[in-house]
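Work through the exercises below with the sequence and the model open. Try each task before you read its solution.

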Amino acid sequence: MTFGMLTAISPVDGRYRSKTEPLAEYFSEYALIRYRVRVEIEYFIALCELPLPQLQGFDVARFDELRDIYRLFSEADAQRVKDIEKITNHDVKAVEYFIKEKLDEMGDFEAYKEFIHFGLTSQDVNNTSVPLSVKEALADVLVPQIEELIAQLQTYADQWADVPMLAKTHGQPASPTRLGKEVMVFVYRLTQQLHELKSVPMTAKFGGATGNFNAHHVAYPQYDWRDFGNRFVSERLGLQREQFTTQISNYDQLGAAFDALRRINTIILDLDRDFWMYISMEYFKQKIKAGEVGSSAMPHKVNPIDFENSEGNLGIANALLQFLAQKLPVSRLQRDLTDSTVLRNVGVPFGHTVIAIQSTLKGLRKLILNEEKLRADLNDTWAVVAEAIQTILRREAYPHPYEALKALTRTNQRMTQQTIHDFIASLDVSDSVRAELMAITPANYTGM
C-alpha cells in the first residue's frame, strides 16, 4: 500500500488528518529533526558569541545564513537526515553530520565544523527539542482552540443568562437554575485550568553526558558552563534549564503540563456528557444538514455524535497523557532508553485532544434552544419550590417548616401549582408572607 490518509494505521494521521494536520509542524518525524537542527545551530552560534577562542574568527554576519538551515528546512532535508541515519543508526548523530554537510556546501567553515554538537550528548538536543515543540504546539495550536471553545461557551452563557431551567441532582428534579449559569460553570473551570496549564514552566535538560558539563569543563575550565547553559536555554529557546539532572531530563514539568492538559480534557468530557443529556431531555434540538444521515435504519434520528466523538477522543488522549506523565519521570540510574520511544508519541494525545475540541465546538454550534421544553419541565415540577417555602417559613420562625414540606412533597402525588397554593393558603402566616410565598414559581426561583 501507498501511505496516505486511507492507509494510515492511526486515525490521527488518517481519518482525522484534516483536523490534526497543524500538529505535524511540531510532532512529526520531520518536525523533530527540524527542532534538533534548530537547537544545534543556535548552540553553535552561542559558542561563537561566547566566544570560544577557536571561534573568535567566525564571521558573525553569517549567523543568518546558518539559521536558514533550520528556517528553510525542507522535507528533502529531513529525508537526507534519515538517509544518513541508515548508516549511523543514530538519529542525533545523523543531524550533526547533516549540518556539517550544509557547512561544506556553504564554504569556509572547515575550521569550525567540529564545534557542531561540541561537548553535547544526544539528550541535550532531544530534551530541548521536545519541550520546545510542546511549548510551541500549545501556544500555536492547543491554547487557541481551547480559548475558542471558552469564547463559544461564554457567548452561550451570556445569551442564555436569563433562561430558567430545572436542575437535576442525582438525576432528580432540584432547585431551578439558569441555563446560562450552568454553561458559565464550564467557562470558569476551563479558564482556571487553562491558566494553570500556561503557568507550567517548560524545562529542558542541557548539561552534557551525565548532566555535569564534564566535556565542556575539561576542554575549557575557565568558563562557567552552568551559567552558559542557563542563558542558552532561556534566551535562545525560551525554556528553563533543569539545574540538576542525570543524562536525561527529569521530565517533571513536562509531566505537569500533561496533567494540566488532562484536567482540561476532563472538564470538556464533563461538558460533552451534560450537553448530550440536555439533548436527550429535548432542551436542545440540533441543526439539520441536508444529506446527512443520523441512522442507517431509523430515518428520523439526529444523533449527538459530535459530543460522543469528542468524549471518545478525550478518553484516548487522557489515557496517553496519564501514561506519559507517570512514565517519563522514571528512569533507571543515570538513564535508560525507555523515554526515547515514548517521547515520539507526545503528539498523539495532542492530536486526539484537537479532534475532541473541534468535535465539541461543532456539536455546540449545532444546538437550537428549545425553551418550550424547558418551561414545560419547570411547570410540571412544582415540588422544587418546597425549598424556598420552607426557608421563608424558617425565617418567620414557623414551627417545623421542613417537616411540613417534606410531608407534602415526598409522596407519589403529583405536585401542581394548585397543590402548592392550597398548602400555602392553609398556613398560619401573615398576608404579606402568604403573598410572598404565592409569588414563588419554578421559573423565578433561580437564585442569583
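**Exercise 1. Locate P51 and describe the peptide bond that joins L50 and P51.**

Step 1. Start with the place. P51 sits in the loop between helix 3 and helix 4 (63–71). The model is a predicted one.

Step 2. Turn to the bond. L50 and P51 are joined by a cis peptide bond. Its omega is about -15 degrees.

Step 3. Set this against the general rule. Most peptide bonds are trans.

**Exercise 2. Determine how helix 3 and helix 5 are oriented to each other.**

Step 1. Take the geometry. Helix 3 covers residues 29–49 and helix 5 residues 75–88. They pack at an angle of about 85 degrees, and their axes are 10 Å apart.

Step 2. Classify the angle. Angles of 65 to 115 degrees count as roughly perpendicular. Helix 3 and helix 5 are therefore roughly perpendicular to each other.

Step 3. List the contact. Helix 3 contributes E29, Y30 and I33. Helix 5 contributes E75, A78, V81 and K82.

Step 4. Sort these residues by type. The contact of helix 3 with helix 5 holds 4 nonpolar and 3 charged residues, and no polar ones.

**Exercise 3. Do the analysis for helix 7 and helix 14, and add the handedness of the crossing.**

Step 1. Helix 7 spans residues 122–159, and helix 14 spans residues 347–364. The angle is about 20 degrees, with the axes 11 Å apart.

Step 2. Angles under 35 degrees count as roughly parallel. Helix 7 and helix 14 are therefore roughly parallel to each other.

Step 3. The crossing of helix 7 past helix 14 is left-handed.

Step 4. Find the contact residues. On helix 7 they include V134, L138, V141, L142, L149 and Y156. On helix 14 they include F350, V354, I357, L361 and L364.

Step 5. Count by type. The contact of helix 7 with helix 14 has 14 nonpolar, 5 polar and 1 charged residue.

**Exercise 4. Which residues touch the most other members of the largest nonpolar core?**

Step 1. The largest nonpolar core has 114 residues. V37, L66, F275 and F350 touch the most other members.

Step 2. Ask where its residues come from. Helix 7 supplies the largest share of this core, 15 residues.

Step 3. Inspect F275. Leaving out residues up to four places away in sequence, F275 touches W160, V183, F284, F307, L364 and L367.

Step 4. Look for another core. A second, separate core of 18 residues includes I389, L393, V433 and L437.

**Exercise 5. Y251 and L333 each have a positive phi without being glycine. Is each one buried or exposed?**

Step 1. Recall the rule. Most residues other than glycine have a negative phi.

Step 2. Take Y251. Its phi is about 65 degrees. Y251 lies in the loop between strand 4 (240–241) and helix 11 (252–280). Y251 has 3% relative accessibility, so this residue counts as buried.

Step 3. Take L333. Its phi is about 50 degrees. L333 is in the loop between helix 12 and helix 13 (338–343). Its relative accessible area is 72%, so L333 is exposed.

**Exercise 6. Describe the setting of F323.**

Step 1. F323 belongs to helix 12 (residues 305–327).

Step 2. With a relative accessible area of 42%, F323 is partly exposed.

Step 3. Compare chain and space. F323 and E114 are 209 residues apart along the chain. Their C-alpha atoms are separated by 39 Å.

Conventions. Residues are numbered from 1 along each chain as its sequence is written. This is a predicted model: local features need pLDDT of at least 70, side-chain atom pairs count only at pLDDT 80 or more; totals for chains, interfaces and linings use all residues. Side-chain values use heavy atoms; hydrogens and water are left out. Axes are lines fitted to C-alpha atoms, for helices over the stretch in contact, and angles run from 0 to 180 degrees between N-to-C directions. Helices (H or I, at least four residues) and strands (E, at least two) are DSSP runs, numbered from the N terminus. Angles under 35 degrees count as roughly parallel, over 145 as roughly antiparallel, 65 to 115 as roughly perpendicular and the rest as oblique. A crossing is left-handed if the near helix is turned anticlockwise from the far one by less than a right angle, and right-handed if clockwise. Contact means heavy atoms within 4.5 Å. Ala, Val, Leu, Ile, Met, Phe, Trp, Tyr, Cys and Pro count as nonpolar, Asp, Glu, Lys and Arg as charged, and the others, Gly among them, as polar. A nonpolar core is a set of buried Ala, Val, Leu, Ile, Met, Phe, Trp, Tyr and Cys residues joined through side-chain atoms within 4.5 Å. Buried means under 20% relative accessible area, exposed over 50%, partly exposed in between (1.4 Å probe, protein chains only).
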